[in-house]
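Here are my notes on the model you sent, set out as numbered points. I begin with a single loop residue and work outwards from there.

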Amino acid sequence: MRQAAFVNDLTVEQVIERLGEQEICRRTRVPRRFVVQAVERIRSSRVSVYEASPTTAGPGRRVRIEGDPPTRDAAVNRAYSALGCTYEFFLTAFDRDSLDGEGLPLQAVVHSGKTYNNAFWDGERMIYGDGDGEIFEDFTIPIDVTAHELTHGVVQYTANLSFYGQTGALHESICDVFGSLVKQYALGQTVGEADWLMGAGLFTPRVTGLALRSMKAPGTAYDDDVLGKDPQPATMDGYVRTGRDDGGIHINSGIPNHAFYLVAIALGGHAWNRAGQIWYDALTGGELTELALFSDFATLTMRAARERYGQGEELQAVYKAWEQVGVRTM
């Protein structure tokens with residue numbers, strides 16, 4: 001089926017739909033029960049990677065599904081691993097079965113534009129550009145970029161936060177938090193071992209910078225002649241009011257990012273266990289509205305810490321972190 005898809009520039013699903021199980025049996029001379037098993041495996045795969053087609057719309061040709069061995073394409077293998085690790089992380093850490101909580105299969109499309117400088121969740125699947133080779137490398141390289149984008153899917157199925165202004169900055173921060181946690185989970189890192197950088201390895205050697213953002217020290221991720229200096233503030237004193245970047249969503253996200261970092265450092269251990277659990281509870285508890293501000297989310301994290309851990313060090317760590325970045329809680 002994969003060979004037929006490759007020859008005819010179709011997806012495996014299209015081959016199955018056009019031929020039907022009976023015709024596949026006839027052509028392959030394989031007993032029907034084995035064809036049915038193969039079709040079911042293909043259709044039920046939790047992780048699928050496609051190669052973008054330069055001539056047709058849609059995800060393109062599927063090149064790897066769950067259980068397949070690695071291919072000769074490094075971008076395919078990186079995307080496959082990142083999707084699988086993100087799925088495993090949410091299931092293991094929070095008992096969440098995929099982005100929607102109901103086992104949504106994760107799909108990715110690689111090589112979407114040979115010099116395309118972006119990776120994003122389009123509401124249904126991950127799309128990766130190859131980078132231009134001047135500023136950016138292939139966008140499948142940093143696992144936290146994939147996890148960040150997939151967390152947009154988690155937000156989509158929970159609070160559905162908007163993408164503008166302070167709410168948008170909160171949205172971006174939540175995605176950074178869980179993007180960082182997935183990387184730490186994949187590497188088995190404690191809070192002290194983690195670099196707290198988002199997108200490390202994405203810049204080419206020509207760029208003077210370590211990563212896209214720093215949760216530990218917002219505003220220090222890069223300082224480059226072309227890109228300029230990292231504009232992220234760490235506290236509300238530096239909050240940037242602008243009409244660019246959808247109201248500064250990738251700039252002001254540094255404030256709640258730093259708050260999470262402070263909570264994680266205060267609690268120690270693996271950041272997904274307590275700090276991450278508090279953030280997850282606040283996100284998925286059903287009280288975070290589409291237009292929530294920093295203070296709204298901060299208040300919910302306080303409540304989540306109190307409800308899950310009582311009046312102990314977790315609650316104190318959350319309170320002190322928001323106080324340090326200048327966000328009020330109620």
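1. N160 is partly exposed, since its relative accessible area is 38%, and N160 sits in the loop between α5 and α6. Its backbone deserves a look, as N160 has a positive phi of about 55 degrees although it is not a glycine. Please keep in mind throughout that this is a predicted model.

2. A second residue other than glycine with a positive phi is D245, where the value is near 55 degrees. D245 belongs to helix α7, which covers residues 245-248, and with a relative accessible area of 29% D245 is partly exposed.

3. For the overall setting, the chain contains eleven helices and nine strands, and 51% of its 330 residues count as buried. Among the contacts in the chain with a separation of 6 or more, 55% are between residues 24 or more positions apart.

4. How many of the ten residues of helix α9 are buried? Nine of them are, so helix α9 (residues 275-284) is largely enclosed by the rest of the structure. The buried residues are A275, G276, Q277, I278, W279, Y280, D281, A282 and L283, a list in which Q277 and D281 appear alongside residues such as I278 and W279. These buried residues of α9 pack against α4, α5, α6, α8 (254-267), α10 and α11. After α9 comes G286, whose phi is positive, near 90 degrees.

5. Two of the helices that α9 packs against, α4 and α6, also pack on each other. Helix α4 (residues 74-94) and helix α6 (residues 165-187) meet at an angle of about 95 degrees, and their axes are 10 Å apart. The two helices are therefore roughly perpendicular to each other. On the α4 side the contact is made by C85, T86, E88, F89, F90, T92 and F94, and on the α6 side by F178, L181, V182, Y185 and A186. Sorted by class, the contact of α4 with α6 has nine nonpolar, two polar and one charged residues.

6. Helix α6 also packs against helix α10 (residues 294-309), here at an angle of about 45 degrees and with the axes 9 Å apart. That angle makes α6 oblique to α10. The residues that meet are Q166, A169, L170 and I174 in α6 and F294, S295 and F297 in α10. The contact of α6 with α10 divides into five nonpolar, two polar and no charged residues.

7. Anyone thinking of examining the open space in the model may start with the largest pocket, which has a volume of about 630 Å³. Of the 28 residues that line this pocket, N118, E172, L212, R213 and H250 are the closest to its centre. Both β4 (119-121) and α5 (143-156) supply at least two residues of the lining, and the largest share, five residues, comes from α5. By class, the lining of the largest pocket has 15 nonpolar, seven polar and six charged residues.

8. The second largest pocket has a volume of about 150 Å³, and its lining consists of E51, R61, V63, T71, R72, D73 and V76. Which classes do the residues of this lining divide into? The lining of the second largest pocket holds two nonpolar, one polar and four charged residues.

9. Is A211 buried or exposed? With a relative accessible area of 0%, A211 is buried, although A211 is found in a loop, the one between β6 (197-198) and β7 (213-214). Its C-alpha atom is separated by 5.0 Å from that of G199, twelve residues apart along the chain. Leaving aside neighbours within four places in sequence, A211 is in contact with L197, M198, G199, A200, F203, A221 and Y222.

10. As a last case, Q324 in helix α11 (residues 313-325) is exposed, with a relative accessible area of 51%; the cut-off for exposed is over 50%, and I would read the label with that in mind. Leaving aside neighbours within four places in sequence, Q324 is in contact with T235 and L262. The C-alpha atoms of Q324 and A234 are separated by 9.4 Å, and these two residues are 90 residues apart along the chain.

Conventions:
Residues numbered from 1 in each chain as written. Predicted model: local features only at pLDDT ≥ 70, side-chain atom pairs only at ≥ 80, totals over all residues. Heavy atoms only, no water. Axes fitted to C-alpha atoms, helices over the stretch in contact; angles between N-to-C directions. Helix = DSSP H or I, 4+ residues; strand = E, 2+ residues; numbered from the N terminus. Parallel < 35°, antiparallel > 145°, perpendicular 65-115°, else oblique. Contact = heavy atoms within 4.5 Å. Nonpolar A, V, L, I, M, F, W, Y, C, P; charged D, E, K, R; others polar. 1 Å grid on protein atoms, 1.4 Å probe; cavity = no way out; pocket = protein on both sides within 12 Å on 5 of 7 lines; lining within 4 Å. Points joined across faces, edges and corners; volume = space filled by probe spheres on them. Buried < 20%, exposed > 50% of the residue type's maximum accessible area, 1.4 Å probe, protein only.
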